[in-house]
Amino acid sequence: MTADDGVWLYGITTDSIGDAQLAGVSGVAGEPVRAVASAGLVAVVGTVSLSEFGQAPLQHNLEDLDWLATTARAHDAVVAAMLRCGPTVPLRLATVYLDDDRVRLLLDERREEFRATLRRVTGRSEWGVKAYADSKTLAQNAKAESSPTRAGGKGTAYLLRRRAELSAQQDVERRAAGHAEEIHSALLGNAVGGRRRQVTDPVLTGKRAWMIFNGTYLVDSERVDDFAALVAALDDERPGVTLELTGPWPPYSFAGIDE
């Protein structure tokens, strides 16, 4: 390493992985990755140039979507290689240290936290669930349920219809919110943990559909089939709402590591 180099941190795992298991794995700069061990833990790192991956250039590069996508794929590939060897705490993009000694210090100082997180993710994987709604179908359902079966007369029926029309959008949004809450509650009952995230911008998803729910869940490996079946059942029982299951993913959402 030189003064212009830094250390990109990919993830933390147990001492069951070493340089032999990482042979042939390349990082975000095309660099070979290596194991840095301390406190019974291993951090997988790669040497990168601070001219591209230092704090100032990173702030600029992270705004370049093409650069970001390429870097994220390379980062995830290393994390995937780690996961094939054992439980892994994945680090988010752009975790850079000045040298290996500082990485070892990180392992020493946060040993118990990393060990607890490794225990939490062992034998489990992260799954994403998104829900998209068809506003027209939800509006039809709301109208059917709210239509009076015994009108008091033409004037009353007109007023009720006008009121329903004026509040249609609010009704649809309330129904969508209710579906989202029920879906999240049901999924939580079949996962170790879960959390709701902000719905994704259509520009990023490439979908024009109305996303009403975006959740992520940590699921025991032996219960993945049950979890997928539950997602399918929730999809079937809600006309106008379509669920999308993705995964398995590295447990980024449940690593709880911010640096």
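Guide: A salt bridge is a side-chain nitrogen of Lys or Arg within 4 Å of a carboxyl oxygen of Asp or Glu. This is a predicted model, where local features need pLDDT of at least 70 and side-chain atom pairs count only at pLDDT 80 or more, while totals for chains, interfaces and linings use all residues. Residues are numbered from 1 along each chain as its sequence is written, and side-chain values use heavy atoms, with hydrogens and water left out.

Visitor: What makes Arg110 and Glu113 a salt bridge?

Guide: Their side chains meet at 2.8 Å, N to O. That is within the 4 Å limit, so the pair counts as a salt bridge. By this rule the structure has 11 salt bridges.

Visitor: Is Arg110 called buried or exposed, and why?

Guide: Arg110 has 15% relative accessibility. Buried means under 20% relative accessible area, exposed means over 50%, and partly exposed is in between (1.4 Å probe, protein chains only). So Arg110 counts as buried, whereas its partner Glu113, at 32%, is partly exposed.

Visitor: Where is Arg110?

Guide: Look at the loop between α4 (100-109) and α5. Helices (H or I, at least four residues) and strands (E, at least two) are DSSP runs, numbered from the N terminus. The C-alpha atom of Arg110 is 9.4 Å from that of Ala39, and these two residues are 71 apart along the chain.

Visitor: What is odd about the phi of Ala39?

Guide: The phi of Ala39 is positive, about 60°, although this residue is not a glycine. Ala39 belongs to the loop between β2 (33-38) and β3 (41-49), and with a relative accessible area of 22% it is partly exposed. Ala94 also has a positive phi, near 70°. You'll find Ala94 in the loop between β4 (88-90) and β5 (96-97).

Visitor: How do you know that Arg102 forms a salt bridge with Asp99?

Guide: The closest N and O atoms of Arg102 and Asp99 are 2.5 Å apart. Set that against the 4 Å limit and the pair passes. Arg102 is partly exposed at 41%, and Asp99 is partly exposed at 22%.

Visitor: Why does the pair of Glu182 and Arg238 tie together parts that are 56 residues apart in sequence?

Guide: First the contact: the side chains of Glu182 and Arg238 form a salt bridge at 2.6 Å, N to O. Glu182 lies in helix α8 (residues 168-188) and Arg238 in the loop between α10 (224-236) and β9 (241-249), so the pair joins parts 56 residues apart in sequence. Glu182 has 44% relative accessibility and counts as partly exposed; Arg238, at 7%, is buried.

Visitor: Which residues are linked in a network of salt bridges?

Guide: Arg111, Glu112 and Arg115 are.

Visitor: What gathers in the patch of positive charge on the surface?

Guide: Arg92, Arg120, Arg195 and Arg197 do. Patches are made of residues with over 30% relative accessible area and no salt bridge; like charges are joined within 9 Å, and nonpolar side chains (Val, Leu, Ile, Met, Phe, Trp, Tyr) within 5 Å. Lys and Arg count as positive and Asp and Glu as negative, with His and the chain ends not counted. The place of an Arg charge is taken as CZ. Take Arg120: at 34% relative accessibility, it is over the 30% cut-off. Its place is in helix α5 (residues 111-121).

Visitor: Why is the pair of Trp8 and Phe53 called edge-to-face?

Guide: Rings of Phe, Tyr and Trp (its six-membered ring) pair if their centres lie within 6.5 Å; planes under 30 degrees apart count as stacked, over 60 as edge-to-face and the rest as tilted. The structure holds four aromatic pairs. In this one the centres of Trp8 and Phe53 are 5.4 Å apart and the planes are at 80°, so it is edge-to-face. Trp8 lies in strand β1 (residues 5-14) and Phe53 in helix α1 (residues 50-53), so the pair ties together parts that are 45 residues apart in sequence. Trp8 is buried at 1%, and Phe53 is buried at 1%.

Visitor: What makes the pair of Phe53 and Trp67 tilted?

Guide: Phe53 and Trp67 are 5.8 Å apart, centre to centre, with 45° between the planes. That angle is neither under 30 nor over 60, so the pair is tilted. Trp67 lies in helix α3 (residues 65-83), and Trp67 is buried.

Visitor: Which residues do ring pairs link into a cluster?

Guide: Trp8, Tyr10, Phe53 and Trp67.

Definitions and conventions
Accessible areas come from the Shrake-Rupley method with a 1.4 Å probe; for residues, only the protein chains shown count as cover.
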